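Q: Could you take me closely through the way strands pair in this model, and then place that picture beside its helices and its main open space?

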Amino acid sequence: MKLKYWLMVAFLIVMLLPVAAGWALFSLYNYYENQRSVAEYVELSERLAPIEQVLDDPALYQLQSSEHHLNLSKLANEQVSFNLYLPSGIRVFTSGGDAWKTSGYTIRSSELYRNLYQLQIRHRTFSLKKPVWHQGELAGIYEITMLRRDWLDGISIRTTWVISGAVLFFVLLYGTVLWLLSRKLISPMKVLMNRMHTFARGEEPGDIGGTIRRDEMGTLLQQFDAMQQTIRQTHMEVEKQQKEKEMIVASLSHDLKTPLMSISAYAEALSMDVRSERLERQEYKEVIARNVERMKQMIGELEMYTALGSEDSELAMVEVEGGEFFEMLLGSYRELAEREKLNMQMSVRTNHFYRVHPESMMRLTDNLVHNALRYTPPKGKIGLAVIDSLEELPEWIDLSLRAELDMYRSGMTIIVVQNEGSAIPAEQLERIFEPYVQYQNQEILRFAGGSGLGLSIARRIALKHGGDIRMWSSEKQGTAAVCRLLELENGDDPQTLSKKG
């Protein structure tokens, strides 16, 4: 239940319960009093009968009849008293004092004749009024009052029980309300405060599982946990990026140092050795130019890597026909393979359209192909393929890899670059996509070469196109780099597909 509805219901119950309890207690008290009154009346009826027989004498109802009243006082006691009245309302006798002093008191007729023959039950007494007749005329009226001693004696006990019951009820009600408030508000707030303190101290959060609350406090806890997780992930990402930047700066500084030293040395040789032959001086200049070009390439790749990593950067996508575009793109590598004396197998199987950035896509395939060339032994094989989601994989792809590739390319087109050579250890297959992380070929005891950003740039280009890159490697099949691309369905809106990419 939502917290606001729970509070509304709780406050309504807290207001109504005391009223209901009071009404129930009052009803129970009245019921008990009525039952007790009947029992008392039955008990005292036997005592009233002889008194009524005496008071039914008409001779008692005269102003000057003190001789008839002499024995009446004996009928009264601490529990029973009575008064005698004339029809006019004059009191002629009372058991509570001297007859001569108390007679002559007059009450109104409306009060005198009210409730005749009716037993009046009051908190402390019973009272009964009856008329006395003589020869068909009203001679007088007597009123008998009986003290409820047993009832009065039990008042203190009943009062104690009533007060104790009321106190117990309110204690239970108050305790129940506190328990519910603690369960619905105080406990969740303590949990939230503990998580906030833990987060503020930079400690790892404890177990945040348990029962999921369906009220506002549960929503608040879930949102705080989600916010905490997001902040921690962002912080980890920032730390990762900071370490990456530090590593890039250190690696770039190291990589630039070698060509700079070479340029410095050859430049110094040119300036000091004026007697060098023309051919030798030309050779020095070419070395300097190559090193300058190498430095420009490293700086250019660093700029591209940084630009591709920016969330604000956008690639100008264009729509291309897949078969024509990839035939042209992969066909340019045939001459390179022949020059390296490698056997290249190529397969383009797609009828889809794609939204791509042509220059970035050329850079992606260049990086993957040149990376494969460095690992491929002389006269080895290289396979290039572009296969959409509906076409069969080329026969030169190893059978053990086909099932994984089919799962990986589900609903997407893949670009496959496969080469023969020594296997890359499984623990390095993911790390080699990190900047300046290169696999060392143990057979020739050297790194593969390059700037160290090629695969990192390729992955970022794939991500910009809505895809991804993975690497598979084994001694049997060699190494396969596989890039996924989104397919452009017929009739799709170009603006929508640009957002997909």
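A: Strand E13 (residues 468-474) and strand E14 (residues 478-485) run antiparallel and are joined by seven bridges, where strands are DSSP runs of E with at least two residues, helices are runs of H or I with at least four, and both are numbered from the N terminus. Two strands are said to pair if DSSP finds at least two bridges between them. This is a predicted model, in which local features need pLDDT of at least 70 and side-chain atom pairs count only at pLDDT 80 or more, while totals for chains, interfaces and linings use all residues. Residues are numbered from 1 along each chain as its sequence is written, and side-chain values use heavy atoms, with hydrogens and water left out.

Within this pair, Arg 470 has Val 482 of E14 as its bridge partner, and the three residues that lie between E13 and E14 complete a hairpin.

Antiparallel pairing is also found in an open sheet of five strands, whose order is E2-E1-E5-E4-E3. Because strand E2 (91-94) and strand E3 (119-121) are at its edges with a single partner strand each, one side of E2 and one side of E3 have no neighbour in the sheet. From one strand to the next, the twist averages 20°. The partner of E2 is strand E1 (residues 80-85), and three bridges hold this antiparallel pair, with Asn 83 bridged to Thr 94 of E2.

Turning to the helices, helix H8 (residues 322-331) and helix H10 (residues 358-375) have axes that come within 11 Å and cross at roughly 45°, the axes being lines fitted to C-alpha atoms over the stretch in contact, with angles from 0 to 180 degrees between N-to-C directions. H8 is therefore oblique to H10, a word kept for angles that are not under 35 degrees, over 145 or from 65 to 115.

The largest pocket is lined by 25 residues, and those nearest its centre are Glu 237, Gln 241, Glu 244, Tyr 305 and Arg 460. Here a pocket is an open set of points on a 1 Å grid over the protein atoms alone, reached by a 1.4 Å probe, with protein on both sides within 12 Å along at least five of seven lines, and a lining residue has an atom within 4 Å of a point. Helix H6 (216-272), helix H7 (278-309) and helix H12 (454-464) are the elements that give two or more residues to this lining, and H6 supplies the largest share, nine residues.
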